[in-house]
Amino acid sequence: MSNNSNNNNSNPPIAPGPNQVGYTSSLRSPASPALRARQASIVELLSTPPPIEPSDASIDNTLNLSRTASNLSRNPSSSSQTSSMFAQQHQQQQHQQLSTPGAGSSNSSGLMDWQNIELSALVEENKLIFINENISVEEAFDTLVKNNLTSLPVEKYRNDLDCLTFDYADLNSYLLLVLNRIRSERLLSINYEPREEIPDLIQKAQKGEQVPVKFVIQLINKNPFIKLHESETLSTVVEILGNGVHRIAIMNDTQITGILSQRRLIKYLWDNARKFHSLDPLLGASLAQLNIGSTNVVSIYGDQLLIEALSKMHELMISSMAVVDKHHNLLGNISVTDVKHVSKSSQSPLLYKSCLHFVSYILNLKGLENGKDSFPIFHVTPNSSLSRTMAKLVATKSHRLWIVNPVGVEDPIIAGSSIPLSPSSSLNGISSSNNSNLSIFTPEKDMGRPGKLIGVVSITDILSLLARRLGKSHVDPSTARKQRRRSSSSSSRSVASRSSLEQFRKSVSDASDR
């Protein structure tokens with residue numbers, strides 16, 4: 001889940017895990033104070049990963065090395081051997097900024113890489129907020145907005161390890177239920193107990209009366225809420241999230257201590273990208289070279305009604321869709337989180353306005369909130385680097401970006417090669433000598449008409465790529481979506497109680513055998 005930072009709260013520094021002393025404490029969490037204070041321009045943000053912020057310890061050591069150099073300069077009789085030792089010491093100090101004493105948790109050059117980071121390093125306990133399953137949907141929604149979160153664990157009782165989650169997709173389902181836009185046969189088949197209460201709860205919702213959140217979270221099929229121990233690493237996480245699961249729970253021996261979503265993980269990797277050297281060749285490669293993304297795009301015409309877009313996202317169990325004109329030129333983006341802008345009765349007329357009108361409304365609203373003009377940057381091209389793609393995902397807080405064929409380009413093929421955009425993903429080897437310099441990227445125009453919509457790339461695609469780079473060839477970005485569509489039983493607590501890593505791997509294996 002993407003538990004976004006609450007600006008009213010200060011966040012304590014993240015303690016390093018047992019195998020990460022002196023390393024993970026220097027990595028940025030999405031809420032680290034140094035990161036919040038840094039105000040990068042959009043041009044800088046979309047060019048390179050954030051620079052490494054020196055820690056206090058490294059500053060002190062640099063000062064000590066500077067004093068040593070000064071003493072050497074004042075003593076010409078010092079031997080060249082001493083000067084050489086100083087140079088070696090300086091190189092070692094730079095190297096140690098990324099090193100870790102943990103055995104078995106570093107690569108061949110002695111640097112820890114991203115896949116060995118333990119989940120304990122990403123726990124943000126001050127952002128972990130539970131709600132009881134008996135509270136109303138309105139109260140659950142208010143809790144989301146008040147704490148600037150995108151999902152909440154829903155407990156049957158305190159420390160309920162079999163909890164499900166409430167998010168904006170559930171809020172969208174509730175809105176459609178109130179407006180009688182969900183097929184009756186689907187409502188009567190949801191996995192809710194006691195079943196005899198279902199007709200009464202539907203009637204209450206459509207009368208505007210309060211219904212418990214435990215009923216609403218069963219309106220759409222969900223994947224099991226998988227729990228991993230704090231000692232597990234990001235290698236395991238990308239295996240799960242790369243299969244399309246949106247979030248996992250982090251646990252200690254007795255209780256849930258945090259939530260890690262796809263969006264928060266991609267931000268963590270981006271914020272610390274300069275420290276993870278194995279990412280260098282991937283970040284410099286284009287989407288076409290990496291062969292990631294899909295041509296199976298869900299879109300809606302700009303002149304169609306917003307309520308049609310919300311219904312379509314509910315039916316297809318997707319979190320966003322592209323808005324296009326009759327020639328399939330990209331006009332904008334509608335996300336399931338936008339449902340918060342039509343959740344009040346005073347905003348209901350927007351539901352029966354065009355999607356293009358709503359896109360303009362959202363952009364104007366964001367401009368007023370941010371005190372400046374907003375413009376859409378929800379698109380990339382086949383030539384866009386992975387680095388630029390990740391930067392846009394972080395900047396827009398999106399789960400996917402639309403791939404467009406730029407104006408004036410006939411075919412979506414990378415310049416100078418024969419590699420087209422492919423709906424499948426493969427593990428093409430990318431040499432680190434090709435694009436290892438993270439500072440060199442081709443600028444793209446974000447203003448004006450983006451171009452013709454030809455594909456989509458998601459956080460799931462990127463995490464799936466990373467998982468396969470680790471040898472996890474079974475990872476498929478569409479696995480979780482197929483599971484959600486295959487059976488409504490995935491939303492029940494009986495399945496949630498079996499949501500271990502072993503059960504998840506078994507379900508993936510069973511799905512691949514079909």
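The accessible surface of the protein amounts to about 23600 Å², and carbon and sulfur atoms contribute 49% of this area. These values, like those that follow, derive from a predicted model. Of the 514 residues, 50% are classed as buried. The secondary structure consists of 20 helices and 12 strands. Among contacts with a separation of 6 or more, 72% link residues that lie 24 or more positions apart.

Two helices illustrate the buried part of the protein. Helix α6, which spans residues 168-178, is largely enclosed by the rest of the structure, because nine of its 11 residues are buried. The buried positions of α6 comprise Y168, D170, L171, N172, S173, Y174, L175, L176 and L177. These buried residues pack against several helices, namely α5 (137-146), α7 (184-187), α8, α9 and α14 (306-316), and also against strand β3 (164-167).

Helix α11, formed by residues 262-271, is likewise mostly covered, with nine of its 10 residues buried. The buried set in α11 includes the charged residues R263, R264 and D271. Also buried in this helix are Q262, L265, I266, Y268, L269 and W270.

On the surface, a patch of negative charge is formed by E193, E196, E197, D200 and E209. One member of this patch, E209, is located in the loop that connects α8 (198-206) with α9 (213-216). Both of these helices are among the elements against which the buried residues of α6 pack. E209 has a relative accessibility of 38% and is therefore classed as partly exposed, since this category lies between the limits of 20% for buried and 50% for exposed residues.

A further loop position, K326, was examined with respect to its surroundings. This lysine lies between strands β8 (320-324) and β9 (330-335). Its relative accessibility of 53% places K326 in the exposed class, because the cut-off for that class is over 50%. When neighbours within four places in sequence are set aside, K326 is in contact with Y301 and D303. The C-alpha atom of K326 is separated by 8.4 Å from that of G302, a residue 24 positions away along the chain. K326 is thus exposed, as its relative accessibility indicates, while being in contact with Y301 and D303.

Note on methods. Residues numbered from 1 in each chain as written. Predicted model: local features only at pLDDT ≥ 70, side-chain atom pairs only at ≥ 80, totals over all residues. Heavy atoms only, no water. Patch = residues over 30% accessible without salt bridge, like charges linked within 9 Å, V, L, I, M, F, W, Y side chains within 5 Å. Areas by Shrake-Rupley, 256 points an atom, 1.4 Å probe, with all protein chains shown as cover. Salt bridge = Lys/Arg side-chain N within 4 Å of Asp/Glu carboxyl O. Charge placed at Lys NZ, Arg CZ, Asp CG, Glu CD. Helix = DSSP H or I, 4+ residues; strand = E, 2+ residues; numbered from the N terminus. Buried < 20%, exposed > 50% of the residue type's maximum accessible area, 1.4 Å probe, protein only. Contact = heavy atoms within 4.5 Å.
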